[in-house]
Amino acid sequence: MTTATTAGTATAEVLREHAEDAFAAELAALAAQDDRPRPERWRLSPWAVATYLLGGALPDGTVITPKYIGPRRIVEVAVTTLATDRALLLLGVPGTAKTWVSEHLAAAISGDSTLLVQGTAGTPEEAVRYGWNYAQLLAHGPSRDALVPSPVMRAMADGKIARVEELTRIPADVQDSLITILSEKTLPVPELGGETQAVRGFNLIATANDRDRGVNELSSALRRRFNTVVLPLPATLDEEVDIVTRRVGQLGRSLDLPELPGGAEEIRRVVTVFRELRDGVTADGRTKVKTPSSTLSTAEAISVVTNGLALAAHFGDGVLRAGDVTTGILGAVLRDPVADQVVWREYLEGVVREREGWKDFYRAARENVR
């Protein structure tokens, strides 16, 4: 019997590499040429971390690919926060790359993005603090050997960045277990009459969705421990097309999907549809449209195009066409099967039908309407 992953698994066999592995060459090149001051236990200086995220060219000609396309100041503030005693909260609507940014920040700073707590309604306090190996506990009583440290506790001990995803999904009492950690930089272990103190280099990145407001609001005491950075949706059509194109290319290579003709045109169409329905107005500003209940995020656009590439490669003629993406668009739009169906039909008939060069898209979309 084999496990899903093992320490010896070849990198080529991993479906999705951690950021520190996927971009190891870039991180090594930055470290080799980074002569700026680094906070203790940081792999790179704050300037180099920002360069890793935003992209650029190094003096030796090495090209650093952008991991985040957006305002530079946002990245600079996020990186600077992690160099202080304040934790970082990345806030935004779904699909604004919060998880992606947090992973790459941890990879660049600590060389380890895996110290992760995934927030859900069922996340227990042990996931944030520590748990116990009950066989050891019953056999020998409370001891350090019986204690199972959480990712946060490990980050504190090793001076690394811990990550908490979907913080507002976590029950309020579990959230508040972070207060002492973030304010005192200490995690008490009363069962052992001791504590774990954070060493230099430790900090925490949390993410939360704007649309989760009211689910489990952060207490004022906890919110004060964070510096909040809001990640916006892409400002322009071209910027969002660039983001989708880059990520689809990366995902396509990891899935061994070929680069297909027609990709650029269909990506621009998908992004245009998502932006118009999201904004409630056409790109030229002339026609108002109804907005569906779905988020229609950049991440969903990436998923739609990637699925379209797979359809075209395995069941099509090797060219990415409108019919390969319209099914995915329909699935992304129709979250409310009644109300969203009306929104989509009105958009098709009022906008897409009359748009020059979109007849094939209109026909394909009409065929998929239930």
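**Helix crossings and empty spaces**

In this predicted model, helices H14 and H16 are oblique to each other, because their axes cross at roughly 50°, and an angle of that kind falls outside the ranges for roughly parallel (under 35 degrees), roughly perpendicular (65 to 115) and roughly antiparallel (over 145). H14 covers residues 322–333 and H16 covers residues 359–368, and the two axes come within 9 Å. As for handedness, H14 goes past H16 in a right-handed crossing. On the H14 side, the contact is made by Ala 322, Gly 323, Val 325, Thr 326, Thr 327, Ile 329 and Leu 330. H16 answers with Asp 360, Phe 361, Ala 364, Ala 365 and Asn 368. Sorted by class, the residues where H14 touches H16 come out as seven nonpolar, four polar and one charged.

Next comes helix H3, which has contacts with H2 and with H5. H2 (residues 24–33) and H3 have axes that come within 10 Å and cross at roughly 150°. That angle makes H2 roughly antiparallel to H3, because anything over 145 degrees gets that label. The H2 and H3 crossing is right-handed. Glu 26, Leu 27 and Leu 30 do the touching from H2, and their partners in H3 are Ala 48, Thr 51 and Tyr 52. Put into classes, this H2 and H3 contact holds four nonpolar residues, one polar and one charged.

What about H3 and H5? The axes of H3 (residues 46–54) and H5 (residues 98–110) come within 10 Å, with a crossing angle of roughly 140°. That makes H3 oblique to H5, because the roughly antiparallel label needs an angle over 145 degrees. H3 passes H5 in a right-handed crossing. Val 49, Tyr 52 and Leu 53 are the H3 residues here, and they meet Val 101, His 104, Leu 105, Ala 108 and Ile 109 of H5. This contact of H3 with H5 is made up of seven nonpolar residues, one polar and no charged. Tyr 52 is worth a second look: this residue takes part in the contact with H5 and also in the contact with H2.

Now for the gaps between the atoms. Rolling a probe the size of a water molecule over the atoms shows where empty space is left. How many cavities of 30 Å³ or more turn up? The count comes to one. The largest cavity holds about 30 Å³ of space. Its lining consists of Tyr 68, Ile 74, Val 75, Ala 78, Leu 90, Val 101, Val 229 and Leu 231. Val 101 is a familiar name, being one of the H5 residues that H3 meets. Helix H4 (residues 72–82) gives the most to this lining, namely three residues. By class, the cavity lining has eight nonpolar residues, no polar and no charged.

The largest pocket has a volume of about 690 Å³. It is lined by 32 residues, and the closest to its centre are Gly 95, Ala 97, Trp 100, Ala 299 and Ile 302. Several elements feed into the pocket lining: H5, strand E10 (203–209), helix H11 (237–254) and helix H13 (298–315) each supply at least two residues. Which of them gives the largest share? That would be H11, with six residues. The pocket lining is a mix of 15 nonpolar, ten polar and seven charged residues, whereas no polar or charged residue appears in the lining of the largest cavity.

How values were computed:
Residues are numbered from 1 along each chain as its sequence is written. This is a predicted model: local features need pLDDT of at least 70, side-chain atom pairs count only at pLDDT 80 or more; totals for chains, interfaces and linings use all residues. Side-chain values use heavy atoms; hydrogens and water are left out. Axes are lines fitted to C-alpha atoms, for helices over the stretch in contact, and angles run from 0 to 180 degrees between N-to-C directions. Helices (H or I, at least four residues) and strands (E, at least two) are DSSP runs, numbered from the N terminus. A crossing is left-handed if the near helix is turned anticlockwise from the far one by less than a right angle, and right-handed if clockwise. Contact means heavy atoms within 4.5 Å. Ala, Val, Leu, Ile, Met, Phe, Trp, Tyr, Cys and Pro count as nonpolar, Asp, Glu, Lys and Arg as charged, and the others, Gly among them, as polar. On a 1 Å grid over the protein atoms alone, a cavity is a set of points where a 1.4 Å probe fits but cannot get out, and a pocket is an open set with protein on both sides within 12 Å along at least five of seven lines; lining residues have an atom within 4 Å of a point. Grid points are joined across faces, edges and corners, and a volume is the space filled by probe spheres set on the points.
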